[in-house]
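User: Please take a close look at one part of this model, a single strand-and-helix unit, and then set it against the rest of the chain.

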Amino acid sequence: MGLSEPRRKICVISHGGTKNLGDEALFATVVQNTRLRLPDAEIIGFTISPEDTRERHGIPCFPIRRSERISQSQSATSADVSPQAGASAAPATTGGSGGLKRALKSIPGLRPLISIVRGFASGLVSVLGEPRFLIQSYRRLKGAQLLLAAGGQQLNDGYGGPWGYPFTLYKWTLLAKLTGTKVALLSVGAGPIDSPLSKFFFRRTLNMVNYRSYRDGISSKLMASLGIKGEHPVFPDLVYSLRLPEPKPSPAGSERVVVGTNPVPFFGAHYWPMPDEARYQEYVHKFAKFAEWLDKSGRSVLFFPTQVRADVITINDIRAAMNGSGNSPNLLARQPIQNLEDLVSEISRADLIVANRYHAILVSLMMNKPVLGIAYHEKSRALLEQAGQGDYVLKIEDFKTEELIERLEALEANASALKKRISERMAPLRKALEEQYDVVFGLIGVKPAPTQRPAA
């Protein structure tokens with residue numbers, strides 16, 4: 001009687017666990033496709049919030065970074081992006097101490113220099129505090145055959161600078177090399193990348209991994225421009241390969257056309273890395289005016305979030321700005337959204353979608369909903385073009401409510417043809433992802449199942 005094959009250990013790394021349902025969908029699809037190919041595999045996650053990941057996905061999970069570093073990073077981000085809060089929190093100073101501070105502030109170039117020194121010191125403290133965490137992570141990763149990065153915009157330094165995403169991916173790639181674990185970055189997005197140190201970390205990371213792909217040509221070209229060796233293939237976003245949950249029974253439907261609307265906290269101090277209250281209020285009032293028009297024109301509005309903390313605040317701000325019509329019966333009651341099933345259930349209630357967030361657009365397309373995108377990054381435009389909806393996207397920076405109304409009317413008029421086009425685009429996208437998974441799992445000797453092999 002032969003010996004049974006040892007159970008394989010597969011690890012999944014993600015910056016998820018922050019109540020962003022797009023990140024959770026990415027994580028879920030990697031777990032789902034791993035189980036499809038290796039039903040008995042031991043799957044372990046590494047995320048920002050392991051407790052949340054364990055509860056959502058039902059697998060063992062550990063931190064992607066030291067918890068102390070996470071809280072420090074979040075505090076620093078809050079201070080950086082909310083100068084008003086920083087000013088109100090600072091104690092008043094009087095006497096000699098206050099005079100000295102004022103004198104120091106008056107020295108040209110001193111404040112930027114202090115900021116640079118503080119940033120360097122913060123990074124140095126983070127690096128020096130890593131050894132214990134790295135030893136623990138090495139032990140957790142040891143024995144894994146494959147470390148999979150679960151898509152998303154992981155190649156950026158917009159949140160946390162070089163010591164956020166760039167350093168985190170770099171150190172996990174180094175750990176994988178030490179444990180003999182193969183590394184694959186799957187359909188990741190890139191940008192912005194501003195710091196020279198971030199570029200250094202990403203160059204070293206991408207030159208060390210065993211496999212890499214990008215979810216759009218913009219990301220591929222950006223990483224190629226950094227001088228990274230080899231090919232830079234483009235594959236669809238991983239969520240296209242996810243088997244979506246069935247929608248839950250919904251409340252009584254509307255006789256009107258329902259427009260699902262997914263706002264984002266554009267320049268909002270509660271979310272955006274560099275907030276601007278005037279621009280945030282301009283955005284809120286544009287959407288408030290749009291929602292008022294939907295109500296008065298005989299349509300219903302259904303607001304829904306995908307970042308279940310930050311987006312809800314913006315939705316409430318939009319409703320409050322609707323000149324007394326924020327409580328109209330044609331603004332459909334929003335059901336609580338905490339997971340992917342909830343999100344799918346809400347989107348299923350809508351006939352048309354106006355979405356800002358990338359995965360709100362993508363999941364809606366998967367559900368064959370015509371989508372009008374409000375893009376705060378060119379990745380959203382590329383996503384809609386991929387689905388044959390390139391004519392239905394506006395730039396978030398300068399769109400006007402009148403343009404939004406005009407494009408929505410065109411979307412509604414062409415809805416039948418668009419749904420047919422979307423449906424035709426889905427199968428090739430899913431097939432491309434199946435082929436990518438076959439290549440990646442082939443790194444550890446897993447052969448495609450007969451049903452997964454491309455037709456001859």
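Analyst: In this predicted model, strand 5 (residues 182-190), helix 9 (residues 196-208) and strand 6 together form a β-α-β unit of right-handed sense. The two strands of the unit, strand 5 and strand 6, are paired in the parallel sense over three bridges, and within this pairing Val188 lies opposite Tyr214 of strand 6. Strand 6 itself spans residues 211-214, with Tyr211 and Ser213 pointing to one side and Arg212 and Tyr214 to the other, yet residues on both sides are buried, Arg212 and Ser213 included.

Strand 5 covers residues 182-190, and Leu186 is among the residues with the most contacts inside the largest nonpolar core, a set of 61 residues in which Leu148, Val239, Tyr240, Leu365 and Phe441 are likewise listed. Helix 17 (residues 415-442) supplies the largest share of this core, namely eight residues. Tyr240 illustrates how the core draws on separate parts of the sequence: leaving aside neighbours within four places, its contacts include Leu362, Leu365 and Met366, then Leu383 and Gln386, and also Met426, Leu429, Arg430 and Leu433. A second core, separate from the one just described, holds 35 residues, including Val264, Trp272, Tyr392 and Leu404.

For the wider setting, the protein chain contains 17 helices and eleven strands, and 51% of its 456 residues count as buried. Among contacts with a separation of 6 or more, 73% join residues 24 or more positions apart, while the accessible surface of the chain comes to about 21100 Å², with 55% belonging to carbon and sulfur atoms.

Technical notes. Residues numbered from 1 in each chain as written. Predicted model: local features only at pLDDT ≥ 70, side-chain atom pairs only at ≥ 80, totals over all residues. Heavy atoms only, no water. Core = buried A, V, L, I, M, F, W, Y, C linked by side-chain atoms within 4.5 Å. Buried < 20%, exposed > 50% of the residue type's maximum accessible area, 1.4 Å probe, protein only. Helix = DSSP H or I, 4+ residues; strand = E, 2+ residues; numbered from the N terminus. Contact = heavy atoms within 4.5 Å. Areas by Shrake-Rupley, 256 points an atom, 1.4 Å probe, with all protein chains shown as cover. Pairing = 2+ DSSP bridges. Right-handed = clockwise from strand over helix to strand, strands pointing away.
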